[in-house]
Amino acid sequence: MLFPKPKKTVSTGEFVFPSEIKVSSSENIKNDVSLVFGNTVNEGNLIISFKENRSLGEVSPEAHKISLYEKNGCLFTDIEAFSRAGLMRALFSLKRMYIKNEFILGEITDWPSFSVRGYIEGFYGTPWKAHQRLEMLETMALFGENTHYYAPKDDPYHRNKWRELYPEEKAYELKGLVEKAKSLEISFYYCIAPGLSMCYSDEKDFWYLTEKTKQLFSMGIKNFGLLLDDIPADLFYENDRKIYKTAPKAHGELVNKYFSFLKSLSDDCCLTVCPTSYRGKGDESELTQFTLAVPGEVKVFFTGSDICSKEITEREAEFFTLSNKHKPLYWDNYPVNDAEMFMEMHMGPVIGREKGLYNYCDGIISNCMEYFNCNKIPLITVGAYLWNPEEYDPEEAFGEAVSFTLKKEEREAFVLLADHLRTACLHDENSRIMGEYLSRAAVLRQTGNFPEALSVLEEYTEKIKNAARELNSFSSEIFSELSRWIKKFTLMSEILGIALEVLKGADKKKLLAQKTEEYNESATVLTSFCFREYIESVLYDEN
């Protein structure tokens with residue numbers, strides 16, 4: 001099975017290589033094939049060729065067709081696409097089959113539903129390292145995303161030191177990121193956030209903005225973001241208040257001036273803006289004053305009904321467009337867990353985004369966590385939704401993301417931990433596996449079938465205790481990032497064990513109460529009410 005599911009598949013069977021896969025390609029795409037698969041050989045058993053098909057461009061610039069057939073133990077792959085973007089999406093689709101060694105024979109015709117599919121490093125917290133950014137570009141390209149916004153709140157040159165040019169070493173890192181994105185057919189946007197200190201009526205401040213932009217343009221950056229979020233709603237400087245009266249008017253004029261400047265650098269330059277009023281119904285006065293002053297070519301970020309929206313609907317997007325004369329580009333605050341969410345870990349699949357949303361918005365950009373490796377699982381599910389929302393299955397996508405991200409021996413224990421890491425704005429069902437076990441045991445206890453209830457509880461408790469031991473032994477970086485939650489999970493496993501002993505007659509209620517109090521005192525978010533309900537039922541059972 002190919003994941004995400006393609007739009008059209010005519011399958012004649014499946015093919016699995018019995019030994020090592022060696023990739024070769026036609027000369028016209030050798031560099032691109034090497035970029036995706038690594039070193040190629042002259043005579044391989046996976047042979048990739050390419051020809052242009054202009055008609056596919058009428059469907060989408062990224063549309064492609066892959067024909068696969070087996071002959072004498074070799075797999076021949078003919079790719080058709082209109083553009084290099086379509087070719088790269090086809091190669092990454094083939095790479096996903098290559099990773100699993102599960103190839104679909106026949107014809108696959110595919111294209112994305114959302115035109116803009118991406119992620120933003122836009123969180124508060126420690127920014128990612130340079131090598132992590134490069135790795136994330138590769139991962140997201142593999143799963144069909146095509147846009148990256150660079151906007152780490154704690155990169156000083158993005159926000160607090162927006163007037164200052166990047167020093168040589170940092171500029172070199174940034175240029176490398178831009179070049180990597182280009183090679184993967186990912187649109188790279190550099191975001192600058194001057195709103196905390198900019199005087200909009202001061203030409204020198206605008207000069208600082210343009211000089212910074214010229215430096216970024218010299219690195220090959222043509223896509224920019226102007227972020228005016230998380231700043232005071234009122235103008236700070238007296239001269240700004242005198243000239244503009246309101247912040248939306250000042251911001252609107254800034255966007256127009258800045259957009260004109262970008263177009264003077266290159267007509268290929270693009271701009272996205274984030275207004276100060278970036279959430280709500282979509283018809284708020286401050287928002288519409290701003291957006292109606294912004295050129296139609298400029299994309300507008302919007303988070304939906306809330307900062308972290310439980311759901312995003314077609315009707316909401318259509319209403320935004322009618323009110324603002326711009327389609328929304330959703331800045332989706334999932335899986336980010338900064339600010340007051342820092343004790344949560346968001347590991348579940350994305351849900352609550354309607355299937356036909358791509359007809360009513362410019363796209364979706366997911367805001368990430370500072371926990372680099374933990375992002376991959378939820379972001380892979382986002383990639384699957386954005387590519388083909390009609391066929392998106394959250395649990396299936398979560399399983400595929402876990403399989404891609406973790407070693408085989410790590411997956412079972414991780415899934416038991418991740419069962420308790422769905423507490424987020426999405427209002428997913430947290431502790432689903434635990435809830436099923438404990439509910440079954442509770443019914444058995446209430447109906448007098450105590451031995452079978454114990455059997456159910458023993459089975460689950462043993463699973464959790466084994467998972468805790470394994471989680472504490474794993475060395476992959478994702479488990480280091482999850483250490484706070486693993487620590488609480490380990491304490492939970494200990495409590496489950498004591499509770500089971502109490503049910504079997506041990507005089508350990510005092511110890512159970514002490515451990516439960518320790519658990520409750522930890523602010524780290526784990527488990528839903530079902531755990532508390534179960535422990536209380538053991539503590540206060542008079543039998």
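**Figure 1. E185 is partly exposed, at 26% relative accessibility.** Buried means under 20% relative accessible area, exposed over 50%, and partly exposed in between (1.4 Å probe, protein chains only). The model is predicted: local features need pLDDT of at least 70, side-chain atom pairs count only at pLDDT 80 or more, and totals for chains, interfaces and linings use all residues. Residues are numbered from 1 along each chain as its sequence is written, and side-chain values use heavy atoms, without hydrogens and water. E185 sits in the loop between α4 and β9. Helices (H or I, at least four residues) and strands (E, at least two) are DSSP runs, numbered from the N terminus. Phi of E185 is near 60 degrees, positive in a residue other than glycine.

**Figure 2. The largest pocket has a volume of about 810 Å³.** A pocket is an open set of points on a 1 Å grid over the protein atoms alone, with protein on both sides within 12 Å along at least five of seven lines; a cavity is a set of points where a 1.4 Å probe fits but cannot get out; lining residues have an atom within 4 Å of a point. Grid points are joined across faces, edges and corners, and a volume is the space filled by probe spheres set on the points. The lining of the largest pocket counts 31 residues. N146, E185, I186, S187 and N223 lie nearest the pocket centre. At least two lining residues come from each of α2 (84-100), β8 (147-150), α4 (168-183) and β9. α4 gives the most, with four residues.

**Figure 3. D230 also has a positive phi, near 55 degrees, in a residue other than glycine.** D230 belongs to the loop between β10 and α6. Its relative accessible area is 32%, so D230 is partly exposed.

**Figure 4. Y157 and Y166 form a tilted pair within an aromatic cluster.** Rings of Phe, Tyr and Trp (its six-membered ring) pair if their centres lie within 6.5 Å; planes under 30 degrees apart count as stacked, over 60 as edge-to-face and the rest as tilted. The structure holds 27 aromatic pairs. In the pair shown, the ring centres of Y157 and Y166 are 5.0 Å apart and the planes stand at 40 degrees, so the pair is tilted. Both residues are buried. The cluster consists of Y150, Y157, Y166, F188 and Y190.

**Figure 5. Two lysines lie over aromatic faces.** A charge sits over a ring if NZ of Lys or CZ of Arg is within 6 Å of the ring centre and within 35 degrees of the ring normal. K257 lies over the face of F206, at 4.3 Å from the ring centre. K488 lies over the face of Y519, at 4.4 Å from the ring centre.

**Figure 6. Helix α7 (residues 247-265) has the span expected of its 19 residues.** The expected span is 1.5 Å times one less than the number of residues. For α7 that gives 27 Å, and the end C-alpha atoms are 27 Å apart, which agrees. Among the buried residues of α7 are H251, L254, V255, Y258, F259, F261 and L262. The buried residues pack against β9 (187-192), α5 (203-218), β10 (223-227), α6 (238-244), β11 (270-274) and α8 (285-291).

**Figure 7. Cis peptide bonds precede P4 and P335.** The bond from F3 to P4 has omega near -5 degrees. P4 lies in the segment before β1 (8-15). The bond joining Y334 and P335 has omega of about 15 degrees. P335 lies in the loop between β13 (328-332) and β14 (363-367).

**Figure 8. The largest cavity has a volume of about 60 Å³.** A search of the whole structure finds two cavities of 30 Å³ or more. The lining of the largest cavity includes F3, P4, K5, A384, N388, E391 and Y392.

**Figure 9. E400 is buried, at 14% relative accessibility.** E400 is found in helix α11 (residues 394-405). Contact means heavy atoms within 4.5 Å. Not counting residues up to four places away in sequence, E400 touches M1, F3 and K100.

**Figure 10. A90 of helix α2 is buried.** Its relative accessibility is 0%. Not counting residues up to four places away in sequence, A90 touches H64, I66 and I79. A90 and W111 are 21 residues apart along the chain, with C-alpha atoms separated by 9.3 Å.
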